[in-house]
Amino acid sequence: MEDFIARYGFLFVTILQQALLGLSFYLPLMAGQLSLAGIGFYSLGGYVAAVMGTHPALAPWRDSLGFLFFPLEWLCALALSVPLALALGFPALRLRGIYLALATIAFVQVLGVVVLNLPLAGGAVGIFGIPQAFESRLAYVWFFGPLLALALLLVWRVERSGFGRMLFAIREDELAARAMGVAITWRKVQAFVLGCALAGVAGAMSAPFLNTWNARQGTFDASVACLAYVLIGGARSKWGPLLGAALLVSLPEVLRPLKDSRMILNGLVLVLACVYMPRGIAGLFSRRKGS
Amino acid sequence: MNAILRVQDLSKAFGGLMAVSSVSFEVAEGEIFGLIGPNGAGKTTLFNMLTGLCTPTSGSVRFQGREITGLDPARIARMGMARTFQNIRLFGGLSVLDNVRVPLHAMARSGLWGALAGGAAARDKERRALEKARELVDLVGLSGRAGALAASLPYGGRRRLEIARALALSPKLLLLDEPAAGLNPAEKVELSRFILDIRDRFGLTVLFIEHNVPMVMGLCQRIAVLNFGDLIAVGAPEAVQADPAVVEAYLGEAHA
Amino acid sequence: MTLAWFLQNLLNGLSIGSVYAVFALGYTLVFSILGIINFAHGAVFTLGAYCTYVLAVGQFGLNGVLAGVSLPFRLPFALALLGGAVLSGLAGVAVERLAFRPLRKRGADALLALVSSLGVALILVNLIQYLFGAEIYSFPADVFGDLPAAMLFKVGGKMVAVRSVQVILFGVSMLMLAALVWFIQFTRAGKALRATAENPDTASLLGINVNLFIMGTFFISGLLGGMSGTLIGVSFGLAGPYFGVAYGLKALAVIVLGGLGSIPGAVLGGLVIGLAEAFLPPELSSYKEAVAYALLFLVLLVRPQGLLGRNAEQKV
């Protein structure tokens, strides 16, 4: 049992944590907007927590606040993410389809370069030795688990609300939604900002868990991985990111005995899932339903 | 007349092609006004300019005395001008009821905070929207299928749903783009009756594009005829019917 | 700000820009015929570089499954380049069969094609790693035979260096461009390709085998990708199987800047980005990688259809 937890505890927490990040991709997708910007905010949020957690100037604060310092990190990540997401969202979300996706890819790349050049962020090496919030890996399950549940609850509330229905309407037929009085750009921006904010906070929560933080957290590859969770899990379901993360995070581990071939198999799974499960895993379980 | 809609010299050019050429007319409050003309005459383009989906090349549109030329379509919709589409654009993946709720949410400015924090005010908005939506769904005879996916409705049902959805905007002016297309004669009669009914019930003005000449003749107080982007006649149905230009361009063939 | 400075940067910019252009054209061809971005293009780019290396040097590296394997021959660079390019073209066709055709048959969402191509890219890159190993491959200095490494010119008292590799980059790129333009504008096959790109349904009614032309497009796209990968690899070395990813993304900036689906646009975009990177002031040199994306963002804000793209109105 000890062994199992030791080996798979980390994996399990990673699934929960990645699902949380995946939800940040799901939110703009509710309005039919494909954005890969979330990963940039995740990276940023992580850096905020990393810097706050290790910078000598903040040591007195860390000592006096104790555990409460961590929620402060999350709040700071949120405070940084929301204005940035608004500034990015308004111009970007006037773009359609692939153009929006490319704009968000560009944002992530530029952010990556800027961060690499910021001495505060530790350059290419990044920041390490970030203080842990909890003692053991297992303890994080009790952290990320409820957190994910809370995030899912919030998304569920959004889905059932008038705001959520407007997002779905935009996804179904943007032109008709506009003709029916929906302020489409503003609604898209709201969904986008919500997603980026979630990503930023997820990043701030993940940095202590991972102990180190560097630019690898915010690369194109990472955003592709996240996108894959959402699509394979089911782009039309809030359970999609969790289902997708469960499959795609555990797959390389399960295939570990295959050593070098496992990434090849990972890629193969992606292709096969696209061809044979276009609605994702969640799509296998439900008929298309209204809200 | 008390003109709810005033169109002046409205034009739309696509490259070298004048889809709509200097069209001017007025629609009186409470009127049922028909817009007819052969295919490609520019009727839908005109509708698109009225509702803001398409920016005119020149000219102006005044709705309830206010200049609305080139405004955002969502704003125009919330100001009280609602429309249906020639090719029916429903939110297929949403239920019948939800389709009608969307414009209500747009009008009520249902926000993100309401969704997340959910105070009494937000719940109230939701409840009222739901009630109004149920009423409208009932009005068009779809209450038995309120939970069904819009995409699953038969053709006639989809047309009716689109009208119910448009009515959710509490419009003063309702624009219908070929509402009778694809309906059988019995359904057409039903539609005519329905249009009269909602006009009286909600105090609407109705402007509709239609090919079916008898329907237009019977229902409309006045009609306008477009041909190749030009407005060639406007007036009472009998007068327009007799207009030689109209006879030559359009009605003559249908009439014969 | 001397003439020499200007000429040096112009040279650097044009030579790298022309490679960006050729690489970006691979995206453009696929986009114009299928309307989607092939995210496996960067992987094919990488494959081309590795294949050419092996053909030219006759030996695999020290890691990977084929460690230490020698080929019984070594090809002169030009032939190795061609060989690598052809192999990449075939890889391009494989990408189409694996990632795109099954989805086309099922009428799937464009988004899925995107992810599917990313999956194939993953397979391809890891296959490369499996076969070739993860270490850095550097083309030997004498790969071009007896050509000098660089020629120096004195301009207005300062030196301007023209590296042989730069001349080759520019020369080969221009040649490929000319060949592509000739093919598309002046051959029957090229005309059929344009017809298929414009309207596949009509094209098939006219007896054009659409699937064959799609495969052909992917072959040419892969060829261009593999060739540009080799050219970059010769200039900067092959820094591992993932070295194509960054270029793959940069080429996206090229096509958006030039206008999605526009061939002259891809050329213009490539040259503009190449020149922008070359003329970047030395103080900002660590931001070089951000230049292309910053330009991409700017274009999307100001003129989303790109420099040479056409504005498409939406039909109601």
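# Notebook: strands, sheet and chain contacts

I began in chain B, where B:Leu226 has B:Leu231 in β10(B) as its bridge partner. The model I am reading is a predicted one.

**Entry 1, the β9/β10 hairpin of chain B.** I followed that pair outwards. β9(B) and strand β10 (residues 230-235) of chain B run antiparallel and are joined by 5 bridges. The two strands form a hairpin, with 2 residues between them. In the turn I looked up B:Phe228, which has a positive phi of about 50 degrees.

**Entry 2, the other pairing of β9(B).** I then asked which strand of chain B runs parallel to β9 (residues 222-227). It is strand β3 (residues 32-36) of chain B, joined to β9(B) by 4 bridges. Here I noted B:Phe33, which stands opposite B:Arg222 in β9(B). I keep in mind that strands of a sheet pair through backbone hydrogen bonds, either parallel or antiparallel.

**Entry 3, the open sheet of chain B.** Next I traced an open sheet of 4 strands in chain B, in the order β2-β1-β4-β5 and with antiparallel pairing. I checked the edges: β2 (17-28) and β5 (66-67) of chain B each have a single partner strand, so each has one side left without a neighbour in the sheet. Helix α1 (residues 43-51) of chain B packs on this sheet and touches β1, β2 and β4 of chain B. The direction of α1 makes about 65 degrees with that of β2(B). Within the sheet, strand β1 (residues 3-14) of chain B is joined to strand β4 (residues 58-63) of chain B by 5 bridges, and the two run antiparallel. B:Val7 stands opposite B:Val61 in β4(B).

**Entry 4, a hairpin in chain C.** I moved to chain C and looked up strand β1 (residues 150-155) and strand β2 (residues 158-163), which run antiparallel and are joined by 6 bridges. C:Lys154 stands opposite C:Met159 in β2(C). β1(C) and β2(C) form a hairpin with 2 residues between them. C:Gly156 in that turn has a positive phi of about 55 degrees.

**Entry 5, chain B against chain A.** How many residues does each chain bring to this contact? I find 35 from chain B and 28 from chain A. On the chain B side, α2 (73-79), α3 (96-108), α4 (112-117) and α5 (120-139) each supply at least two residues. α3(B) gives the most, with 8 residues. By class, I list 17 nonpolar, 10 polar and 8 charged residues on that side of chain B.

**Entry 6, chain A against chain C.** Here 32 residues of chain A are in contact with 37 residues of chain C. I looked up which elements of chain A give two or more residues to this side, and they are α5 (97-116), α10 (220-233) and α12 (262-276). The largest share, 11 residues, comes from α5(A). By class, the side of chain A that touches chain C has 27 nonpolar, 4 polar and 1 charged residues.

**Entry 7, confidence.** I noted the scores for the model, ipTM 0.92 and pTM 0.91. Chain C averages a pLDDT of 88, and 98% of its residues score at least 70. Among the elements of chain C, helix α10 (residues 263-278) has the highest mean pLDDT, 94. Helix α7 (residues 200-205) of chain C has the lowest, 81. As a general reminder to myself, where pLDDT is low, the predicted coordinates should not be read in detail.

Notes: Residues numbered from 1 in each chain as written. Chains lettered and ligands numbered in written order. Predicted model: local features only at pLDDT ≥ 70, side-chain atom pairs only at ≥ 80, totals over all residues. Contact = placed C-beta atoms within 7 Å. Nonpolar A, V, L, I, M, F, W, Y, C, P; charged D, E, K, R; others polar. pLDDT = per-residue confidence, 0-100. Pairing = 2+ DSSP bridges. Axes fitted to C-alpha atoms, helices over the stretch in contact; angles between N-to-C directions.
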